[in-house]
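Student: Could we go through this one together? I'd like to see how each label gets earned.

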Amino acid sequence: MKQNIRFFCILLELIGKNCIFVAEKVDKTAVIMAELHLYKCKKCGWEVEAPSESTDMLMDSIMACYVCHDCQHVFKKYYALGTVFNGKVSCPQCKGYNTQDWEPNDGCPKCGGELENQGVTCLMD
Ligand SMILES: [Zn+2]
Ligand SMILES: [Zn+2]
């Protein structure tokens, strides 16, 4: 499934940060599993469970991670296959729209520290 994930990441880059297109055609015979890793900040100890890339595929949806620049909250959103999402993502914590897609490589949203991968915490399918 890595191929498909790549495909989505490329699409995301092509169509801009605040737009998501989720393809309708996915090979359902393949085993689709998203791995969540636990990331811990080396500086302040902040923790988050996230896929190793900013987007990951589940059985019938795409999981994407975002960060809110107003309250430093990292959250996940799920998009059903066939969805075309266009617009700003609102933060579930402060309801603001100052959000951006996020991945562990971007570092800790609280202090900017480096995140350390603590390993897989759960598998979702
Ligand atoms: Zn930190
Ligand atoms: Zn927020």
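Tutor: Sure, let's take the labels one by one and hold each against its cut-off.

Student: What is the overall make-up of the protein chain?

Tutor: Keep in mind that this is a predicted model. The protein chain has one helix and nine strands, and from the N terminus on the order is α-β-β-β-β-β-β-β-β-β. Of its 125 residues, 21% count as buried.

Student: How do you know how far to trust the prediction, going by pLDDT?

Tutor: pLDDT is the predictor's confidence on a scale from 0 to 100. The mean for the protein chain is 75, with 58% of residues at 70 or more. Among the elements, S3 has the highest mean, 92, and strand S1 (residues 19–21) the lowest, 49. Two stretches stay under 50: residues 13–19, with seven contacts beyond four places in sequence, and residues 23–31, with six such contacts.

Student: Why is His 37 called partly exposed?

Tutor: Count the neighbours: His 37 has 17 other C-beta atoms within 10 Å. Buried takes 20 or more, and exposed takes 12 or fewer. The 17 of His 37 falls in between, so the label is partly exposed.

Student: Where does His 37 lie, and which residues is it in contact with?

Tutor: His 37 belongs to strand S2 (residues 34–41). Leaving aside neighbours within four places in sequence, its contacts are Ala 50, Ser 52, Asn 117, Gly 119, Val 120 and Thr 121. Thr 121 is 84 residues away along the chain, yet the two C-alpha atoms are separated by 5.4 Å.

Student: And Ser 90, why is that partly exposed?

Tutor: Ser 90 has 16 C-beta neighbours inside 10 Å. That is under the 20 needed for buried and over the 12 that would still count as exposed, so Ser 90 is partly exposed. Ser 90 sits in the loop between strand S7 (84–86) and strand S8 (99–101), and touches Lys 95, Gly 96 and Tyr 97, not counting residues up to four places away.

Student: What makes S5 largely enclosed by the rest of the structure?

Tutor: Six of the eight residues of S5 are buried, so the strand is largely enclosed. The largest nonpolar core has 14 residues, and those with the most contacts inside it are Cys 65, Tyr 66, Val 67, Val 74 and Trp 102. The elements giving two or more residues to this core are strand S3 (47–50) and S5, and S5 gives the most, with six. As for Val 74, its contacts beyond four places in sequence are Val 48, Cys 65, Val 67, Trp 102 and Pro 109.

Student: How do you know that S5 pairs with S6 and with S8?

Tutor: Check the bridges, where at least two are needed for a pair. Strands S5 (residues 61–68) and S6 (residues 74–80) are joined by seven, running antiparallel. S5 and S8 have three bridges, also in the antiparallel sense. Seven and three both meet the cut-off of two, so both count as pairs.

Student: Which residues face each other in those pairs?

Tutor: Between S5 and S6, Tyr 66 stands opposite Phe 75, and Ala 64 has Lys 77 as its bridge partner. On the S8 side, Val 67 stands opposite Gln 100. The hairpin of S5 and S6 has five residues between the strands, and there Gln 72 takes a positive phi near 60°.

How values were computed: Residues numbered from 1 in each chain as written. Chains lettered and ligands numbered in written order. Predicted model: local features only at pLDDT ≥ 70, side-chain atom pairs only at ≥ 80, totals over all residues. Helix = DSSP H or I, 4+ residues; strand = E, 2+ residues; numbered from the N terminus. Core = buried A, V, L, I, M, F, W, Y, C linked by C-beta atoms within 7 Å.
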